[in-house]
Amino acid sequence: MPPLLASGNRRRASASSPSDSAHRPLRHRKVAVVRAAALVALTCGPLALAMSWFPSAPAAGPVHGAAQQIAGQSGSAEGPGGFAEVFVRMWLAGDPGDGPASDVQKTARLLAPEVALPAFRGRPPTVTTVRAVRCEPVRPGAWSVTVAVMFQSPGAGPAVRYFRFPVLWQGGAGADAGRSFVVTAAPSAVPGPAAGKAGSSPYSVQASPGSALASTVEQFLAAYLGGVGGAERYLAPHVRLPALGVSYSAVRAERVSSTQSAGEVGRDGQQVRVRAQVVARDAQGTQWPLSYALRLSAREGRWEVLAVESGLEDAGSSGKGGS
């Protein structure tokens, strides 16, 4: 029986050639270096940031091959998405109305030579969060990146805006060739992602209050979230429950729904999936709406918790004998 909450898997080391291992650390550290350099740009100037994107020792192989390698990282912080986040931070901080060109302005223009900077007239916004939310490959070495920016406005609270712009991987072959990402056009203000539809929930049957199933789920979550012990008695044999790491002073079940009608205990081995919506109150009095998807199994006249799940599992596998 798998544990209730899976522990992290050990990362497997991938095989690589000696030449790959010589160049991979440089490639994989580029955006990490850019982020660190961007934070000290005001004191060190844009040169350090420039050097991180224009290394003196380019990786072996044609530019097309390098672009393909970066394309494989397009969704990570080490690819164009991470570069786009750094650019937006510099772009929003490099107000040309500040007088002589600052190091931030120089850095922003280094990342996007042809892009004008916004003019805030001495009132730059407070940027709290910048995240790349979409990175679409257009062709090898070219991406359309959408970045979400959270602003904090005095008296108005936080607001989120979205910007989309093209990011290009540039470079050339040869020992002196510079390689870098570059933003080739000013950002476009775009709408946020469209509201998605969750679709019909597989948890369509409400468990009767006071039934064996609802009571087991409520008591288990009260013990588990309460952090005072006792949750183990609701678990199936060989299922382990790691400590949650936080406790709540009170837990109230709002709704317990299941994928099938199974309020009372069924035959041994019968399984059912449920979703429990609860409100948990912490020591400061904050009420947290929480949701738990559980898989339970019948054994010796009682329901037992087999696993805490995501809620996206195939509901069709519930209700079958065995575990």
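Biologist: Helices (H or I, at least four residues) and strands (E, at least two) are DSSP runs, numbered from the N terminus, and with that in mind, how many helices and strands does the protein come to?

Modeller: Its secondary structure comes to eight helices and ten strands. Please remember that this is a predicted model, where local features need pLDDT of at least 70 and side-chain atom pairs count only at pLDDT 80 or more, while totals for chains, interfaces and linings use all residues. Residues are numbered from 1 along each chain as its sequence is written, and side-chain values use heavy atoms, with hydrogens and water left out.

Biologist: OK, and what share of the protein counts as buried?

Modeller: Of its 323 residues, 39% count as buried, where buried means under 20% relative accessible area, exposed means over 50%, and partly exposed is in between (1.4 Å probe, protein chains only).

Biologist: What about contacts, how much comes from residues 24 or more positions apart?

Modeller: Taking a contact as heavy atoms within 4.5 Å, such pairs account for 59% of the contacts that have a separation of 6 or more.

Biologist: Let's look at helix α8, where is it and how far does it reach?

Modeller: Helix α8 covers residues 212–226, which is 15 residues, and it reaches 21 Å from its first C-alpha to its last, close to the 21 Å expected at 1.5 Å a residue. The expected span of a helix is 1.5 Å times one less than its number of residues.

Biologist: Is α8 enclosed or open, and why?

Modeller: It is largely enclosed by the rest of the structure, because eleven of its 15 residues are buried. Among them are Leu-213, Val-217, Phe-220, Leu-221 and Tyr-224, and the buried residues of α8 pack against β7, β8 (271–281), β9 and β10. After α8 comes Gly-227, whose phi is positive, near 70°.

Biologist: Which residues other than glycine have a positive phi?

Modeller: Two to look at are His-238, with a phi near 75°, and Glu-300, with a phi of about 55°. Most residues other than glycine have a negative phi. His-238 lies in the loop between α8 and β7 and counts as exposed at 61% relative accessibility, while Glu-300 lies in the loop between β9 and β10 and is exposed too, with a relative accessible area of 64%.

Biologist: Now for β7, what does Ser-258 touch there?

Modeller: Ser-258 lies in strand β7, residues 250–258, and it is buried, with a relative accessible area of 1%. Not counting residues up to four places away in sequence, it touches Pro-202, Tyr-203, Ser-204, Val-205, Leu-213, Val-272, Arg-273 and Val-274. Ser-258 and Tyr-203 are 55 residues apart in sequence, and their C-alpha atoms are 4.7 Å apart in space. A polar atom of the side chain of Ser-258 also lies 2.4 Å from the backbone oxygen of Gln-260.

Biologist: Arg-273 caught my eye, so to speak; which side chain makes a polar contact with the side chain of Arg-273?

Modeller: That is the side chain of Glu-309, at 2.6 Å. A polar contact is a pair of N or O atoms within 3.5 Å; within protein, one must be able to donate a hydrogen and the other to accept it, and residues adjacent in sequence count only if both atoms are side-chain atoms. Glu-309 lies in strand β10, residues 302–309, and at 14% relative accessibility it counts as buried.

Biologist: Changing topic, what is the volume of the second largest pocket?

Modeller: It is about 220 Å³. On a 1 Å grid over the protein atoms alone, a cavity is a set of points where a 1.4 Å probe fits but cannot get out, and a pocket is an open set with protein on both sides within 12 Å along at least five of seven lines; lining residues have an atom within 4 Å of a point. Grid points are joined across faces, edges and corners, and a volume is the space filled by probe spheres set on the points.

Biologist: Which residues lie nearest the centre of that pocket?

Modeller: The second largest pocket is lined by 14 residues, and Phe-120, Pro-125, Phe-151, Ser-153 and Arg-161 lie nearest its centre. The elements giving two or more residues to this lining are α6 (80–93), β2 (142–153) and β3 (157–170).

Biologist: Pro-125 then, where does it lie?

Modeller: Pro-125 lies in the loop between α7 (103–111) and β1 (126–139), and at 28% relative accessibility it counts as partly exposed. Leaving aside neighbours within four places in sequence, Pro-125 is in contact with Phe-120 and Phe-151.

Biologist: And how many residues of α6 are buried?

Modeller: Twelve of its 14 residues are buried, which leaves α6 mostly covered.
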